[in-house]
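Reader: I should like to learn how the features of a protein model are read. May we proceed by question and reply, with the structure before us?

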Amino acid sequence: MTFFFHYLTRKNRFSKRRKSLKSAAAQNSSSSSGHYDEQQQLAAYRYSTIIDLPSHILIDILSRLPLKSIFISRCVCKTWHILISDPLFATLHFDRNSGSNPELYLRTDFSTCISRTLHWVDLESFPGYNQAQCQWAKINAQFYLPKRYPKPNPKACTSNGNSNRGNRRAGREYDIVNSCNGFLCLRKPFHRNPCIICNPITGEYVTIPKPAAEDDKKTLRTVISGFGYSFRSKQYKVLRLVFDDFLNRTAEIYTLGGAAWRKVGNAPWSPIAGLFPTYLNGVIHWVCDDIEDDQSCSDCIVGFDFEDERFCVIPAPPHFAEKPKTRDNLYDMNLGVLGGCLSICDVTYFAPPDIWVMKDYGVQESWIKQLSVDNGYFGICRPIKYLDDGSLLLFCKRRALVLYNPVEKNTRYLLIHEDQSMIFEAITHVPSFLSLKDVGGDNLTVQNINSRSDQFEPEESETLFLIEMRKAGELLY
């Protein structure tokens with residue numbers, strides 16, 4: 001595929017010469033009265049390229065390229081830009097990549113300030129990656145989320161929390177709920193009401209209408225959200241769980257393109273608010289801590305099925321029912337998706353993280369312990385994905401990436417560095433070129449972050465680096 005991509009990009013070198021040869025051949029033909037040189041005729045068509053193929057075949061070919069190559073191809077010429085913007089391209093690309101490993105995106109985070117810039121971490125394109133020679137690397141690819149503040153916030157803060165009017169960050173931007181089919185659901189940072197659906201690749205976004213009983217000023221309420229897709233109705237839905245003084249648990253649904261929120265009953269459990277939900281197979285998953293201290297954790301994974309709009313329990317690994325697995329362990333666990341399967345990273349303090357994978361979704365007996373990450377660094381880790389060389393990529397301590405090779409039992413530590421931040425957020429997301437205009441019907445008002453009112457100020461740019469550390473202890477300081 002790499003050879004094919006280079007062949008595609010070479011076509012522009014020959015396009016002008018091909019046109020000039022055809023033009024010269026036509027003039028020669030008219031002036032020589034039938035004595036046209038056959039060699040010149042062959043030369044005129046010698047440089048025919050792939051661009052002469054029908055558009056639907058070109059779209060099919062372009063949709064098979066890696067993400068980085070697609071971005072380069074979009075800048076090659078106007079014709080390719082139009083083809084990559086075609087809805088057929090978006091559909092083919094999504095169908096081929098929806099089940100693949102997600103990409104990793106990072107953004108700077110602090111308690112009072114967070115960026116709207118997503119930095120795409122393409123580890124396998126870094127120089128010396130496979131030879132372990134990459135001492136440091138700059139993360140170049142950036143995508144952007146919608147602005148929360150239309151104008152710079154006078155209460156902007158620096159990375160240490162101090163007020164600074166000249167700072168590039170205008171307060172805390174939107175938090176990310178979860179990813180689904182190339183779209184991200186965003187929420188307000190303090191009251192956690194879901195408010196925006198966006199596609200960071202295309203820059204499109206839509207605003208979710210406010211619930212009928214807006215509760216932004218009711219500080220005693222806790223809101224937990226989830227975003228997913230119904231395969232049967234082909235609709236995207238946003239779930240909102242409202243916990244009022246820990247007594248009333250109301251569940252509400254908004255269908256993308258609909259007019260308003262609607263209630264779907266009461267939430268039977270209380271998911272842990274600080275852990276990201278995981279979407280898989282039409283179900284949004286959480287870790288739940290609604291158990292007594294003396295109970296087991298066998299029913300700690302709960303979900304909401306967007307197809308039937310009902311809550312469900314996902315069976316946990318059998319060993320979770322054992323006595324050592326207590327409620328305190330739940331806060332050190334991370335749900336995720338590895339290789340298209342639901343996964344759990346089980347971290348017990350002072351012990352290596354265990355990676356469990358559910359091979360047959362919904363079947364408790366299909367849980368297998370895939371590996372223990374004996375990486376010399378113990379703490380809360382979040383598995384991201386398996387790389388092409390078989391290494392497992394983990395996000396650790398909110399400031400580092402760990403590459404663990406389970407075959408060779410070796411580990412690489414990459415510290416994330418940025419001038420004004422020491423804490424980062426990791427987002428796993430399968431990118432797509434799907435347009436919100438095609439999935440929400442005519443009732444959606446689709447906006448774009450590239451519009452004049454939503455563009456960046458020049459001082460808002462930021463640069464991230466990955467710096468290789470010799471040992472795990474260096475990540476702690």
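Reader: How many bridges join strand β22 to β23, and in which sense do the two strands run?

Author: Please bear in mind that this is a predicted model. In general, the strands of a sheet pair through backbone hydrogen bonds, either parallel or antiparallel. Here β22 (residues 392–396) and β23 are joined by 5 bridges and run antiparallel. One pair to look for is C396 with its bridge partner in β23, A400. The two strands form a hairpin with 3 residues between them, and K397 in that turn has a positive phi of about 55°.

Reader: Which strand does β23 form a hairpin with, having K409 in the turn?

Author: That strand is β24, and 4 residues lie between β23 and β24; the phi of K409 is positive, at about 60°. Strand β24 (residues 410–417) runs antiparallel to β23, with 6 bridges joining them. Within β24, L414 is the bridge partner of L401.

Reader: How should one read the two faces of a strand, and which residues of β23 lie on each side?

Author: In a regular strand the side chains alternate between the two faces of the sheet. In β23, one side carries A400, V402 and Y404, the other L401, L403 and N405, and all of these are buried. Strand β23 (residues 400–405) thus has 6 of its 6 residues buried. Strand β3 (residues 136–139) reads otherwise: A137 and I139 point to one face and are buried, while W136 and K138 point to the other and are not. Strand β3 runs antiparallel to β27 (residues 464–469) and is joined to β27 by 4 bridges; A137 has L466 as its bridge partner there.

Reader: In what order do the strands of the open sheet of 4 strands stand?

Author: The order is β4-β2-β1-β25, with antiparallel pairing. Because β4 (142–144) and β25 (424–429) each have a single partner strand, they stand at the edges, and one side of each is left without a neighbour in the sheet. On average, neighbouring strands of this sheet are turned by 35° against each other, direction ignored. Strand β1 (residues 103–108) pairs with β25 over 6 bridges, and one of the pairs is E103 with H429 in β25.

Reader: How is the buried face of a helix recognised, and which residues of α7 are buried?

Author: An α-helix has 3.6 residues a turn, so residues three or four places apart point the same way. In α7 (residues 87–97) the buried residues are F89, A90, H93 and F94. Seen down the axis of α7, these residues fall within an arc of 125°, so they line one face of the helix. Their cover includes α4 (55–62), α5 (67–74) and α6 (78–84). At the start of α7, the backbone nitrogen of L88 has a side-chain oxygen of D86 within 2.8 Å.

Reader: Is N181, with its positive phi, buried or exposed?

Author: Most residues other than glycine have a negative phi, and most peptide bonds are trans. The phi of N181 is near 55°. N181 is in the loop between β5 (175–180) and β6 (183–187) and is buried, with a relative accessible area of 19%. K234 also has a positive phi, about 55°, and is in the loop between β9 (221–230) and β10 (235–244), but K234 is exposed, at 60% relative accessibility.

Reader: How many disulfides does the structure hold?

Author: The structure holds 0 disulfides. For C180, the nearest cysteine sulfur is that of C185, 9.9 Å away. The sulfur of C345 is 6.0 Å from the closest cysteine sulfur, in C381, which is too far for a bond. C180 is buried, at 1% relative accessibility, and C345 is buried at 0%.

Methods: Residues numbered from 1 in each chain as written. Predicted model: local features only at pLDDT ≥ 70, side-chain atom pairs only at ≥ 80, totals over all residues. Heavy atoms only, no water. Pairing = 2+ DSSP bridges. Axes fitted to C-alpha atoms, helices over the stretch in contact; angles between N-to-C directions. Buried < 20%, exposed > 50% of the residue type's maximum accessible area, 1.4 Å probe, protein only. Disulfide = S-S within 2.5 Å. Arc of directions from axis to C-beta. Contact = heavy atoms within 4.5 Å. Polar contact = N/O pair within 3.5 Å; in protein donor to acceptor, adjacent residues only side chain to side chain.
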